[in-house]
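Let's walk through this one together, starting with how the chains relate and then zooming in on a single strand. Keep the viewer open as you read.

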Protein chains: 2
Amino acid sequence: MTDTLLSSATKEVRIGFDRPFVIIGERINPTGRKILAEEMKNGDYSRVVSDALAQVEAGAHMLDVNAGIPLADEPAILAEAIKLVQSVTDVPISIDSSIVEALEAGLAVYEGKPLVNSVTGEDEVLERVLPLVAKHGAAVVAISNDETGISEDPDERFKVAKKIVERAADHGIPAADVVVDPLVMPIGAINTAGKQVMHIVQRLRNELQVNTTCGASNVSFGLPNRNGINSAFLTMAIGAGMTSAITSPLHPEVMQAVLGADVMMGHDPDCANWIRKYREPTAGGNGREGRGGRKRRRRSA
Amino acid sequence: MTDTLLSSATKEVRIGFDRPFVIIGERINPTGRKILAEEMKNGDYSRVVSDALAQVEAGAHMLDVNAGIPLADEPAILAEAIKLVQSVTDVPISIDSSIVEALEAGLAVYEGKPLVNSVTGEDEVLERVLPLVAKHGAAVVAISNDETGISEDPDERFKVAKKIVERAADHGIPAADVVVDPLVMPIGAINTAGKQVMHIVQRLRNELQVNTTCGASNVSFGLPNRNGINSAFLTMAIGAGMTSAITSPLHPEVMQAVLGADVMMGHDPDCANWIRKYREPTAGGNGREGRGGRKRRRRSA
């Protein structure tokens with residue numbers, strides 16, 4: 001029943017075992033987006049604002065904000081981007097950086113309780129990031145790799161996650177404020193990547209009782225029809241107990257997979273969200289009347 | 001590692017824990033298809049043949065054949081339909097009837113090892129159907145309801161399935177030849193229907209080591225965008241351990257969900273089936289280069 005509460009100045013979002021899946025919009029990230037990187041570096045945040053609005057409009061419950069631009073003043077850019085995103089949307093933010101000073105700058109300007117993305121199991125990183133998370137009363141994404149890299153053995157990755165949860169507790173951060181990223185590998189290269197994630201997510205949920213997140217799109221790297229693979233991954237991961245993902249809400253197919261998974265999990269009471277979204281006359285359906293009725297009685301010959 | 005072997009005169013199909021999901025085409029069924037019912041009753045099997053060919057072309061690994069038409073000679077029609085389908089395709093057949101005499105007529109003409117669809121947990125039905133299955137060396141679909149109806153408690157449905165597996169053993173039918181249908185309820189009416197199925201499928205797999213099937217489309221009865229719900233259901237059910245389904249292969253979205261789930265389960269080596277099917281230039285993809293690389297190293301400030 002673990003709930004991770006996040007907030008902006010005016011809105012709360014809860015990631016939890018018995019709640020609809022939380023989509024953290026991934027788009028505000030200059031990695032691999034040259035134009036966005038150039039614009040942010042030059043103080044032009046118009047695309048940050050339009051990406052924020054478009055993702056919330058498409059159904060994102062939170063937004064990830066990253067300003068990782070080589071040779072740029074990342075702390076200043078990240079703080080500026082966060083202030084702007086908070087001025088135009090009311091969803092909580094995932095402050096995303098691999099530079100501790102940038103996380104610090106983001107936290108300093110943030111209004112509410114953010115998600116700090118991220119901390120790994122490396123001792124040096126833990127000791128720099130966790131005090132910051134504790135000081136600001138934030139929640140944190142815990143990535144299950146450490147000094148030895150990313151293990152292909154999901155039980156090793158589980159151990160790293162456990163270490164981070166324990167270390168967080170030492171800093172006064174409850175397990176409910178640690179959201180574990182089990183690390184999603186490209187399944188085109190590592191065919192067991194899906195099974196690995198399902199296994200570790202189940203252990204994280206049953207043994208550590210922590211919420212989970214992931215960079216979902218990574219699973220389809222290098223494959224055709226990436227949205228199809230991402231949809232299958234998210235649906236199955238939600239079935240295994242995953243409770244949030246950092247992904248793009250701009251693909252209707254992926255959003256449909258998440259909403260459908262919410263229905264399957266019993267997290268969409270009366271299927272109200274599903275019906276509201278899809279009741280248009282363009283909705284699909286195969287016209288069959290269902291099979292259950294026929295099976296309930298057995299005619300005699 | 002349970003494998004259920006089915007065959008036609010010339011082709012074998014295995015339903016199994018470590019194998020790609022088996023799609024049993026549901027279309028050759030006059031229930032709710034008035035024109036087809038009328039044609040079959042009048043000895044016109046042209047639509048049976050075209051439906052058989054279309055489903056195999058679309059990716060069905062087996063075909064369900066049902067001739068349940070009120071006031072018609074179901075045994076004769078079912079036998080005729082099976083002979084025709086076997087003459088134009090080479091996939092194994094699921095002989096589908098609620099009338100024992102029709103199952104008998106179908107079995108008499110079948111070439112190979114078919115799936116008999118179905119037996120319930122009702123004593124009278126068990127004692128009429130199981131001897132027939134044993135005599136013909138067939139496999140059988142076991143539906144987890146009995147004299148008391150369909151329980152909403154998945155553990156009660158599990159008990160019925162267990163009883164059928166045990167009774168089958170008494171008749172010399174191994175558990176590998178019993179494919180359990182956990183019964184899929186419409187999730188629009190029963191919001192816990194998805195969780196029920198996932199729970200029972202896991203128990204069937206872990207405790208009875210049996211393969212599973214279901215009438216998948218039933219889950220979306222009454223909801224808009226049924227293919228979206230069916231896709232979410234199948235993906236999540238495959239993640240829970242479901243190994244086959246009686247459904248329509250004619251919806252590209254549903255077939256994509258199944259192929260994507262095979263990839264996730266590690267049942268599509270090197271993603272070869274996925275790549276073959278989706279490598280066309282129309283394939284999707286979101287253009288992101290994946291997130292893993294960034295997370296593997298942490299830059300210093």
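In this predicted model, a turn of 180° with a shift of 0.0 Å along the axis lays chain B on chain A, and the RMSD is 0.0 Å. That's what a two-fold axis does, which is why the pair can be described by one. If you want a landmark for the axis, look for Met236(B): of the residues of chain B, its C-alpha comes closest to the rotation axis, at 2.4 Å. The contact surface tells a matching story: 100% of the interface residues of chain B are also interface residues in chain A, so the copies meet through the same surface.

Now zoom in on chain A and find strand β4, residues 62–66. This strand is mostly covered, with five of its five residues buried, which here means under 20% relative accessible area. In a regular strand, side chains alternate between the two faces of the sheet. You can see how that plays out in β4(A): Met62(A), Asp64(A) and Asn66(A) point one way, while Leu63(A) and Val65(A) point the other way. Both sets are buried, Asp64(A) and Asn66(A) included.

What does β4(A) pair with? One partner is strand β3 of chain A (residues 22–28), in the parallel sense over three bridges; there, Ile28(A) stands opposite Val65(A). Another is strand β5 of chain A (residues 93–96), again parallel, over four bridges, with Ile93(A) as the bridge partner of Leu63(A). To get from β4(A) to β5(A), the chain passes through helix α3 (residues 74–88) of chain A, making a right-handed β-α-β crossover.

Terms used
Residues numbered from 1 in each chain as written. Chains lettered and ligands numbered in written order. Predicted model: local features only at pLDDT ≥ 70, side-chain atom pairs only at ≥ 80, totals over all residues. Heavy atoms only, no water. Buried < 20%, exposed > 50% of the residue type's maximum accessible area, 1.4 Å probe, protein only. Helix = DSSP H or I, 4+ residues; strand = E, 2+ residues; numbered from the N terminus. Pairing = 2+ DSSP bridges. Right-handed = clockwise from strand over helix to strand, strands pointing away. Least-squares fit on C-alpha atoms with pLDDT ≥ 70 in both. Contact = heavy atoms within 4.5 Å.
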